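Reader: I would like a close look at a single part of this model, namely the place where its helices pack against one another. Please go through that part residue by residue, and then set it beside what lies elsewhere in the chain.

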Amino acid sequence: MPLGSLRPSPLVEQATEHLREQITQGEWPVGTRLPGENALAKTLGVGRSTVREALRALAGAGLVQARQGSGVYVVATEPAEDWPARLRRAAITDVYEVRVMVETRAARLAAERRTEEDVAALEAALAARHAAATGSDAGNDPGNDAAFVDADIALHAAVVAAAGNPVLTDLFAEFAPVLRERLIDLVELLGLREHDPDPGHASHAALVDAVRRGDGPAAEAVLQAELEQTLAHLRARA
């Protein structure tokens, strides 16, 4: 399959797609060393910098690998599954186990590092969670499980943010969409709010209080117990 020259911009995206097709269609099997940058640039009708960026994108997709002093080799014919897709496909119990590990440590860090602004954000998030649960704000429907779950996740996100680690914050943001979908299902299927519209309010209030007081062990223990309880419900449904 001839590569052919490319149309103008966006050249990097076009170069990446052309090279990807060569690999996924078997023109360059696993173990093949790709032509050099100069040869690829000439064939595609682009500059070496464009080829270099395209190869970097293919490496990020897990298709090629640069070997020092040897060249760039094909290592797979199918792109690696990205992290969000992997999370969506994973069992919710597996996702939740990781959530427990991440968030409990984040809670301890939050208690150690929280600022006045963090405490204010946590108190506001706790109040919003209670309002979503009880319908105490105008326009809130206390029977809206999705709104309650959204408010619950927002509170947990505020705890993670208070830990002051942007990597932790980004990691939780990746988990949040998967957690939201599964938790709404769990609340509805098990009727967790039938008798108490605001389940877990006491433990969440204790979590916020522990962070406010700077008590890391207490914050970690409270959240550990709360998340383990939900994980038990999820395992029972698995």
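Author: A convenient place to begin in this predicted model is L122, which, when residues up to four places away in sequence are left out, touches L155, A158, V159, V208 and V211. L122 is also listed among the residues with the most contacts inside the largest nonpolar core, together with V95, Y96, L168, L179, L207 and A219, and that core has 42 residues. At least two residues of this core come from each of α5 (92–113), α6, α7, α8 (166–190), α9 (201–213) and α10 (216–237).

Two helix pairs can now be taken in turn, and a general remark helps in reading them. Two packed helices are described by the angle between their axes together with the distance between the axes.

For helix α6 (residues 116–134) and helix α7 (residues 145–162), the axes come within 8 Å and cross at roughly 170 degrees. Since an angle over 145 degrees counts as roughly antiparallel, α6 and α7 are therefore roughly antiparallel to each other. The crossing in which α6 passes α7 is left-handed. On the α6 side the contact is made by D118, L122, A125, L126, A128, R129, A132 and A133, while α7 contributes A147, F148, A151, D152, A154, L155, A158, V159 and A162. Sorted by class, the contact of α6 with α7 holds 14 nonpolar residues, no polar ones and three charged ones.

One of the residues that α7 brings to this contact is D152, and D152 deserves a closer look. D152 lies in helix α7 and counts as buried because its relative accessibility is 10%, the cut-off for buried being under 20%. With residues up to four places away in sequence set aside, D152 touches R129 and H204, and R129 is itself listed on the α6 side of the contact between α6 and α7.

The next pair is α7 with α8, whose axes are 9 Å apart and pack at an angle of about 155 degrees. By the cut-off of over 145 degrees, α7 and α8 are therefore roughly antiparallel to each other, and here α7 passes α8 in a right-handed crossing. In α7 the residues D145, A146, V149, D150, I153, H156, A157, V160 and A161 meet L168, T169, F172, A176, L179, R180, L183, I184, V187 and E188 of α8. The residues in this contact of α7 with α8 divide into 13 nonpolar, two polar and four charged. L168 and L179, which α8 supplies to this contact, are also among the residues with the most contacts inside the largest nonpolar core.

Elsewhere in the chain, a second, separate core of 19 residues includes L34, A41, V46 and A54. Of these, A41 has its place in helix α2 (residues 37–44) and is buried, because its relative accessible area is 7%. Apart from neighbours within four places in sequence, A41 is in contact with V46, G47, R48 and V51. A41 and A15 are 26 residues apart in sequence, and their C-alpha atoms are 9.2 Å apart in space. A15 appears again in the surroundings of T50, which touches L11, V12 and A15 once residues up to four places away in sequence are not counted. T50 is found in helix α3 (residues 48–60), and T50 counts as buried because its relative accessibility is 12%.

Definitions and conventions: Residues numbered from 1 in each chain as written. Predicted model: local features only at pLDDT ≥ 70, side-chain atom pairs only at ≥ 80, totals over all residues. Heavy atoms only, no water. Axes fitted to C-alpha atoms, helices over the stretch in contact; angles between N-to-C directions. Helix = DSSP H or I, 4+ residues; strand = E, 2+ residues; numbered from the N terminus. Parallel < 35°, antiparallel > 145°, perpendicular 65-115°, else oblique. Left-handed = near helix turned anticlockwise from the far one by under 90°. Contact = heavy atoms within 4.5 Å. Nonpolar A, V, L, I, M, F, W, Y, C, P; charged D, E, K, R; others polar. Core = buried A, V, L, I, M, F, W, Y, C linked by side-chain atoms within 4.5 Å. Buried < 20%, exposed > 50% of the residue type's maximum accessible area, 1.4 Å probe, protein only.
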